[in-house]
Amino acid sequence: MSILNLNVRYFQDSTPSNVPCREENFVRREIPMALPVAQTALVLVDVWNIHFIESWLERAKQVTIKSVVPVLDAARTLGLTVIHAPSPPVAEQFAQVERHESPPKLPDPTWPPLAFRRRKGEYTAFRGPRDQPPSIGIHWDKLAPQLSISSAIQVLDHECMVATGQQLHDFLEERRILHLIYAGFATNWCILNRDYGMRAMAQRGYNLILLRDATTGVEFPDTLYNLFTTEMAIREVEQQCGFSASNDDFFAACKT
């Protein structure tokens, strides 16, 4: 069986027995990890062609061309399974999307009330951050019809396309895949939080690795210069979801 010998990194909130278990003593550690190629997949999350945040899109385009595309090429050369997870409306544009019978629909909960959950009527004041004035809709609504996968990413006929976490899980079960290598966007939004993202798939029990050079997060004004929000999302992956790896280590593992 072919093996991908990948050096991975994690951040453990613990210390050796002879070191006080205090936050200032926590360190990142690296270990080699032997991943059977037949049981490993590359998952590309939300590699989009457009976004309503202009500065983020500029950065993501650079990361896509310089980091994501070379990773995809190396994965294909190695023979890794490639899975595209670009959000439900984008996945439905492709014939490759995994189609399954819809699970039985559960009855609507009676609490909180439907109007409250939808923030309608007397509850409009409690709309979420994105729906508060000026709302993202003034930028996003005019772009949404153009949303698709980045033109830098070619989806091959034999590659998998998923719209949901359940579709991803079903495909992985069918192929007996245990290890998922993640790349794509945005680190602190979709990579972590989609139902096919790292939090959800960690809860399902898969072994997860984020390629930290092949992603970028959505920053704040005071974190943009050093991309600290992206860094914190990577730390959360390394501490709670799984591991991370550099592109260089991934390429080296593919070659050997």
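Is S135 buried, exposed or partly exposed? Let's start there and then work through a few more exercises on this predicted model.

**Exercise 1. Classify S135 and describe its backbone.**

Step 1: Find S135 in the loop between α3 and α4.
Step 2: Read its relative accessible area, which is 24%.
Step 3: Compare that with the cut-offs: buried means under 20%, exposed means over 50%, and partly exposed is in between. So S135 is partly exposed, given its 24%.
Step 4: Check the backbone. S135 isn't a glycine, yet it has a positive phi of about 65 degrees.

**Exercise 2. Find another non-glycine residue with a positive phi, and say where it sits.**

Step 1: Go to L227, whose phi is positive at about 55 degrees although L227 is not a glycine.
Step 2: Place L227 in the loop between β7 (207-216) and α8.
Step 3: Classify it. L227 has 32% relative accessibility, so it counts as partly exposed.

**Exercise 3. Locate two cis peptide bonds.**

Step 1: Look at the bond from W111 to P112. That bond is cis, with omega near -5 degrees. P112 belongs to the loop between α2 (88-91) and α3 (114-117).
Step 2: Now try the bond from P133 to P134, which is cis with omega near 5 degrees. P134 is part of the loop between α3 and α4 (137-140).

**Exercise 4. Describe the overall build of the chain.**

Step 1: Take stock of the elements: the chain has nine helices and eight strands.
Step 2: Picture the box around the C-alpha atoms. Along the principal axes, it is roughly 60 × 50 × 40 Å.
Step 3: Test the chain against a compact globule. For 256 residues, such a globule would have a radius of gyration near 18 Å, and the chain's 20 Å agrees with that.
Step 4: Ask how much is tucked away. Of the 256 residues, 46% count as buried.
Step 5: Look at the contacts with a separation of 6 or more. Residues 24 or more positions apart make up 78% of them.

**Exercise 5. Work out how helices α1 and α9 pack.**

Step 1: Decide what you need. Two packed helices are described by the angle between their axes and by the distance between those axes.
Step 2: Read both values. Helix α1 (residues 54-78) packs with helix α9 (residues 247-255) at an angle of about 20 degrees, and the axes are 10 Å apart.
Step 3: Name the arrangement. That angle makes α1 roughly parallel to α9, since angles under 35 degrees count as roughly parallel.
Step 4: Add the handedness: α1 passes α9 in a left-handed crossing.
Step 5: List who meets whom. From α1 you have S67, P70, V71, A74, A75 and L78, and they meet N247, F250, F251 and C254 of α9.
Step 6: Sort this contact by class. You get eight nonpolar residues, two polar ones and no charged ones.

**Exercise 6. Follow N188 and T229 from one helix to another.**

Step 1: Place N188 in helix α6 (residues 187-193) and T229 in helix α8 (residues 228-241).
Step 2: Classify each one. N188 counts as buried because its relative accessibility is 16%, and T229 counts as buried because its value is 12%.
Step 3: Check the contacts of N188, skipping neighbours within four places in sequence. N188 is in contact with N193, G217, V218, T229 and A233.
Step 4: Do likewise for T229. Its contacts are N188, V218, E219, F220 and T223, again leaving out neighbours within four places in sequence.

**Exercise 7. Trace the long-range partners of R9 and Q39.**

Step 1: Begin with R9, in strand β1 (residues 3-11). Its relative accessibility is 14%, so R9 counts as buried.
Step 2: Look at its contacts beyond four places in sequence. Among them are R28, R29, E30 and R212.
Step 3: Pair R9 with L227. They are 218 residues apart along the chain, and their C-alpha atoms are separated by 19 Å.
Step 4: Switch to Q39, in the loop between β2 (28-36) and β3 (40-45). Q39 is partly exposed because its relative accessibility is 24%.
Step 5: Pair Q39 with R176. Along the chain they are 137 residues apart, while their C-alpha atoms are separated by 6.3 Å.
Step 6: Finish with the contacts. Not counting residues up to four places away in sequence, Q39 touches R176, I177, L178 and H179.

Terms used
Residues numbered from 1 in each chain as written. Predicted model: local features only at pLDDT ≥ 70, side-chain atom pairs only at ≥ 80, totals over all residues. Heavy atoms only, no water. Axes fitted to C-alpha atoms, helices over the stretch in contact; angles between N-to-C directions. Helix = DSSP H or I, 4+ residues; strand = E, 2+ residues; numbered from the N terminus. Parallel < 35°, antiparallel > 145°, perpendicular 65-115°, else oblique. Left-handed = near helix turned anticlockwise from the far one by under 90°. Contact = heavy atoms within 4.5 Å. Nonpolar A, V, L, I, M, F, W, Y, C, P; charged D, E, K, R; others polar. Rg over C-alpha atoms; globule rule 2.2 N^0.38 Å. Buried < 20%, exposed > 50% of the residue type's maximum accessible area, 1.4 Å probe, protein only.
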